[in-house]
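Thanks for coming. I'll go through some charged pairs and then one sheet. Please have the sequence and the structure open.

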Amino acid sequence: MSGTKIWLRAETKPAEARSALTPTTCKALVDAGYDVTVEKSTQRIFEGEEISLARIVEEGSWVKDAPKDAYILGLKELPEDDFPLEHVHISFAHCYKQQAGWEKVLSRWPRGGGTLLDLEFLTDEAGRRVAAFGWSAGYAGSALAIKTWAWQLAHPEGEPLPGEKPYANKQLLIESVKESLEAGKKIAGRSPKVLVIGALGRCGTGAVDLAKDIGIPESDIIRWDIEETKKGGPFREIVEDADIFVNCIYLSAKIPPFINAETLSSPNRQLSVVCDVSADTTNPHNPVPVYDVITTFDKPTAPVKLPAGSKNLPLSVISIDHLPSLLPRESSEMFSQALLPSLLLLKDRSNARVWTQAEDLFKQKPATVAAYAAGASLAAITLFYVFGPNFTIDGDDSSNNNRKNGIVGLSNPANDCFINSVLQALAGLGDLRLYLIRELHRRELDGPEVYDVLPEPQDMPRDQRPERLRELQQGTVTKALKEMLDRLNERPIYKKTISARPFIQALEYAFRTRISRNQQDAQEFLQIVAERLSDEYHAGIKARQHMPMLVDPSFDADASTQPTQDPDAAMNQKETSEIEVRIDDKSENGLPAVLTTKLKETDNEYGFPFEGQLESQIECQFCHYQYKPNKTSFVNLTLQVPQASSTTLNSCFDGLLKTEYIDDFRCDKCRLQHALETKIKEKSRAHAEEERERIATEIGLIKEALENDPEHLPDGVTMPPSDLAPKRRIARHMRIVVFPKIIAIHLSRSIFDHSSSTKNAAKVSFPERLPLGGILTRKWYKLLAIVCHKGSHQSGHYESFRRNNLYPPFSTPDVFRSFAQSRAASENPSRAPSPRIRAKNSAEQEPGSLNLSPAESSASLSSPTLPSPATSLPVPQSRETTRPTSSPRVSFQSGRSKSSSKLMSSSTPEGRDSSTSPSLRLRNSKSSLSLSKGNGGPRPSTEASSGAPSRFRRKRKHMDRWWRISDEKVKECKTADVLGMQREVYLLFYEIEKPDASPHGADDA
């Protein structure tokens, strides 16, 4: 036969009866012209004669007999060996995530010239796996859980469930579970309540299907998924409302536990069986942290150690990590049928996306493969990563080093793109850099002693080590980040690349751990950095609150709380709240200065820019009682991307902020009202006077609770059983109540299943200007940076886009103009006069030159206006406000200045002595005047009268330039290019628009 060759090898893992090909799919391949060879197997669920159309060969013969152009197909990993692999293998290799022994396995293909097409990473256009065993795992896990529930009822002495063997088909398993269920129902008098988390995934669907197939009513099957668990656990509902808990999620990051020892200690515990299909037993972030053993089919269950004083009800856990093997025939059929369309594309593999993507993923490991194939050290791998990056920017010539107007790049020594992309995005956020400047300057003014001293032991946070708290107060990561962002905001005239290592070292030291480079997530890194910055900010505030005496050496805490007898002094203290101090200028008494209590106000005025607050509130739709709102702080928002071909950012926000309606909720107020009605009926039926008085007392307490606080049951009242309370429909409202200056948005593109996770490749359109809030609280945000991800869910590359601009406090396009702006009035002006600077003698002065940057002066509280720093000439201040020849640069300082600034312009004709040069007095005219050297008289300024731009500065345009940054590679792009990254966008950074900012924001770099 001359068709494409597929060689099905025999599985060698013990008790593995599943197969990648079945009689049905084998026939379909043969009919399509494929040459199929099947090895004999003693443990495969399908007998040899069942696959009669294929050529049958001996077990393990592929090593010597398979043609070099044959595809070697299997399920589980190859036997441990070291000979090179020359074929194209299709299987679950378990070596891309650096599992145990991955180096040895992965090096076998390049040494033999072969290729690995890993089944775990075959995905469709939506990023979803084309074939997986998730459904079968959920189905088998649910079956064992229900059998365990019934076994516990029949064996209350605690005897464990006997061992299980694989079932020949699904019907035999259903009959066995039905038999156990009926026996359990006779004892309990009801069906078990089964709660499945991850019910919308493949695995969860399998668990639900089993429950329905054996006849458990829909009302006893509780389906939970992301929506039900997004508020975070632990959940008492799992322990108190369900008999069986089946965990079917795919764990990729740390999440709050679903249950823990505290919830298991509930006196109302009903839960008796936990089936952890995910089997994250050894994972430190296991969401079911109540066990630490892996069970097997021989011993399917293990008892859970319960807290002391817990309810006398057994609790067993099932944590088998190969559950689909309980149904080898059905699981193989489902998997093979799902894989068949991809196998039929092997004839034209070079043009089939599913296979080329898998091959590209294999080729993305050249450093690891090449280095280990040559027997190189880890140092060689690191060098290869530096000089052989896996991804390049589209259309970029890596050999072009002549970048003009470039920015600083970051080196990528070892899969650091997730770090580099986030740091580059943060470097483009003006409010963040302004916060870092203010925060560190404040700490420098306060002095290190404020932040070195720890609070009293009773004020120390629980589980907080003293040295860690001191580091939080000192702001070690805040300082390291400022230094890192300052270096990234340089504007080199040549290509420049730096390392993020100094910041990484500061972060690793702060957490006393190393940051792994094994396919890390950019959002997790951002979360760690933002939370640490927030913790350091709040620790600094508390340190300042604990040390008021360091601000005023004469501070007396007791005296400060005593009322003064002098009314005038009291009034003066109330109005000024000032402490007189003096600055050491080497004189006898020093310079007077004033520290006001406004320093404390700055902590509230300039908070951490990423920090916002969400408010969640529940409202009963029957009695319209609104629960007390629950407020939570956030430093970034995670939005779920719908599983659709395309969506919008507003639609993603709807998933978080839209009103959610929940049925079957027992409202506390309705429960009290029900209790009141019940007590009134009891009172009418009571005959004894004592009984009537007791009920009347309880009625009074209930009415008081209804009026004051329905959320807390009154003491001394015997409430009716909670099961009798009416169930209501509630509305849960979520809204942002504190808008951060910078909002970081994470678009969660993960699709989880039992055995895999895939990437949601939906297009998400996002705007350049984002409105948030209601009509009365509307805030507008402007897009400043995004982080994009290219590749699959398990691997890929991050790159960032940041707007090509610099904010006024940081940019210095010409030193004269920046120096003039720096003379704007302070927000907290000192009462001490500024120093007088006397002008030089005329003989010492150089001839004046054309002023490139008009100086801005402002009224002082205690001194007249200083001479213009740009010309060193005394220019009289005009009482009329004149229009400048060119628009002044918008700056944070001038925009918030309390004193109005007036722009002055003067010029000294060339060759004329500055001391005798007449000053130009700006009069009440609409145009600026300048001195003409020819006639010495005034003439209208061409620039001012015509409105033409200055020949020294080009006109500012709306910023449409962005930087696209991939590690050390940088290129320019436009806003349209950024907004077009809808399929790859992962993180977005919006900055709130200032009411006094110019329409186009900051200036171009």
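Start with D431. Its relative accessibility is 7%, so D431 counts as buried, the cut-off being under 20%. A word on status before going further: this is a predicted model.

What does D431 form a salt bridge with? The partner is K994, and the closest N and O atoms are 2.6 Å apart. K994 is at 23% relative accessibility, which puts it in the partly exposed class. As for where the two sit, D431 belongs to helix α16, residues 430–446, while K994 is in the loop between β37 (985–992) and β38 (1003–1004). The pair therefore ties together parts that are 563 residues apart in sequence. The count for the model comes to 38 salt bridges.

Stay in helix α16 for the next one. R443 and E439 form a salt bridge there, at 3.1 Å from N to O. Why are these two about one helical turn apart? Because they are four residues apart in helix α16. R443 and E439 are both buried.

Helix α21, residues 522–546, has a pair with that spacing too: E536 and R532 are four residues apart, so about one helical turn separates them. Their closest N and O atoms are 3.0 Å apart in the salt bridge. Both E536 and R532 are buried. Elsewhere, K679, E682, E691, R694 and E698 are joined into one network by salt bridges that share partners.

Now the sheet. In what order do its six strands run? The order is β8-β7-β9-β10-β12-β11, in an open sheet with mixed pairing. At the edges are β8 (221–224) and β11 (302–303), each of which pairs on one side only.

Take the β11 edge. β11 runs antiparallel to β12, residues 316–318, and two bridges join them. Within that pairing, A302 is opposite V317 of β12.

Two helices go with this sheet. Helix α5, residues 134–154, lies across β9 (244–247), β10 (273–276) and β12. The angle between α5 and β10 is about 160 degrees. Helix α7, residues 202–213, packs on the sheet as well, where it touches β7 (194–197), β8 and β9. The direction of α7 makes about 170 degrees with that of β8. β9 thus appears in the list for α5 and in the list for α7.

To recap the two topics: the D431 bridge to K994 links helix α16 to a loop, and the sheet has β8 and β11 as its edge strands. That's it from me.

Terms used: Residues numbered from 1 in each chain as written. Predicted model: local features only at pLDDT ≥ 70, side-chain atom pairs only at ≥ 80, totals over all residues. Heavy atoms only, no water. Salt bridge = Lys/Arg side-chain N within 4 Å of Asp/Glu carboxyl O. Buried < 20%, exposed > 50% of the residue type's maximum accessible area, 1.4 Å probe, protein only. Pairing = 2+ DSSP bridges. Contact = heavy atoms within 4.5 Å. Axes fitted to C-alpha atoms, helices over the stretch in contact; angles between N-to-C directions.
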